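Let's go through a protein model and ask why its parts get the labels they do. Have the structure open while you read.

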Amino acid sequence: MPSKTPGRTRLGDIALACNVSISTVSRALTGQKGVRDDIRERILDAARRARYPLPNRIQGARIAVFASTAAMTDYRRTQFTWHVLEGLKAAATAKEIEISLVPLPDSDENHAPLRDVLDSQSILGALLLTIDDMQVMERIQESGKPAVLINGDDPLMRISSVSPCNRSASRMACDYLIGLGHQRIGFVMRPGRTTIRRRLEGWRDALAEHGLPCPDENVIDVEDWTPECAEQAIGERLDRGALDVTALLCAADSLALGALSALTARQIACPDEMSIMGMDDLPISDLLTPRLTTMHIPARELGETAVDMLVELATHGERVVRRTELACRLVERDSTAPPMREIASGGASADAGRRIRF
């Protein structure tokens, strides 16, 4: 099809490109009967590539939300996924779009649920929630279905995505702690996902920028995102005397809750003796004692933005794959403060000295 300015393409151009009649193009674009599904999809694809203004195909349409095991587990625990889905449902309702939530088991190598949905002509497009499986991304891309990744991204940039600004959010958090005077800051995380590795990179960025050490021993890996796992991992470090930090930056509020429990069990005052900071800003953060300083992650807005992006892809096509990051913000509460230090009084040792803030 000859290249044309957006809005200048005619029905005849699409008909010529698809080797069908103009009336067939008109029926396909308006959703009328009498057009085979494969021909209709070919016409719609040609119209999207040419950025032809399509009739409103959105109202009453259905989109599939594929959710990983991690997302479904999170839904029952920290509820970050719950807030994403709330935003997604609100945006879809406003556009009169139906949503089908499809759990995607990690162990299903054939991905039968994925195949069934992608083969369905009734599905407008797909949203992939907390999915890192490269094979899944490849199958989505090969299907030609409009798709957007939520809370993740495609390393090969085949599928557009929306996620929090994980690296810069972690850096802002660490910058804040450094601004309070902390020079030895630990990082608590469950390793694995790319998004969490970016939060680790933000911690390293901040310490390196300020010329502060970021030894590997200051990274505390936990087995799961539960407070219990964080409490156990941090507690073991404290009991061995192997936690030489004045502040802990946790990659999730659930881990920060575990950190607070570990300190409380050992009668270590927060923030007087150690500052704790989280990431997420879940509702429970404002109810803890002390109230948790954290980075607000725009979970609801992730869902809303993903729906908007998918609708744009379905109606106008994709000119270029893009990675969208939403800004995060600091929420300062009571679990962080300037670090303490020991000073000797008279000839007494430092251990017997009084404690003052920097």
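**Why those labels?**

Glu304 and Arg300 sit four residues apart in helix α12, so about one helical turn separates them. Keep in mind that this is a predicted model.

Q: What makes the meeting of Glu304 and Arg300 a salt bridge?
A: Their side chains come to 3.4 Å, N to O. The cut-off is within 4 Å, so the pair qualifies.

Q: Why is Glu304 called partly exposed?
A: Its relative accessible area is 28%. Buried means under 20% and exposed means over 50%, so a value in between counts as partly exposed. Arg300, at 37%, is partly exposed too.

Q: How do you know whether Asp239 is buried or exposed?
A: Look at its relative accessible area, which is 57%. The cut-off for exposed is over 50%, so Asp239 is exposed. Its salt-bridge partner is Arg266, at 2.8 Å, N to O. That pair links distant parts of the chain, with Asp239 in helix α10 and Arg266 in the loop between α11 and β9, 27 residues apart.

Q: Why are α1 and α2 called roughly perpendicular?
A: Their axes cross at roughly 105 degrees. Angles from 65 to 115 count as roughly perpendicular, so the label fits. The axes also come within 8 Å.

Q: Which residues of α1 and α2 meet there?
A: Leu11, Gly12, Ile14 and Ala15 in α1 meet Ile22, Val25, Ser26 and Leu29 in α2. By type, the contact has six nonpolar residues, two polar and no charged.

Notes: Residues are numbered from 1 along each chain as its sequence is written. This is a predicted model: local features need pLDDT of at least 70, side-chain atom pairs count only at pLDDT 80 or more; totals for chains, interfaces and linings use all residues. Side-chain values use heavy atoms; hydrogens and water are left out. Axes are lines fitted to C-alpha atoms, for helices over the stretch in contact, and angles run from 0 to 180 degrees between N-to-C directions. Helices (H or I, at least four residues) and strands (E, at least two) are DSSP runs, numbered from the N terminus. Contact means heavy atoms within 4.5 Å. Ala, Val, Leu, Ile, Met, Phe, Trp, Tyr, Cys and Pro count as nonpolar, Asp, Glu, Lys and Arg as charged, and the others, Gly among them, as polar. Buried means under 20% relative accessible area, exposed over 50%, partly exposed in between (1.4 Å probe, protein chains only).
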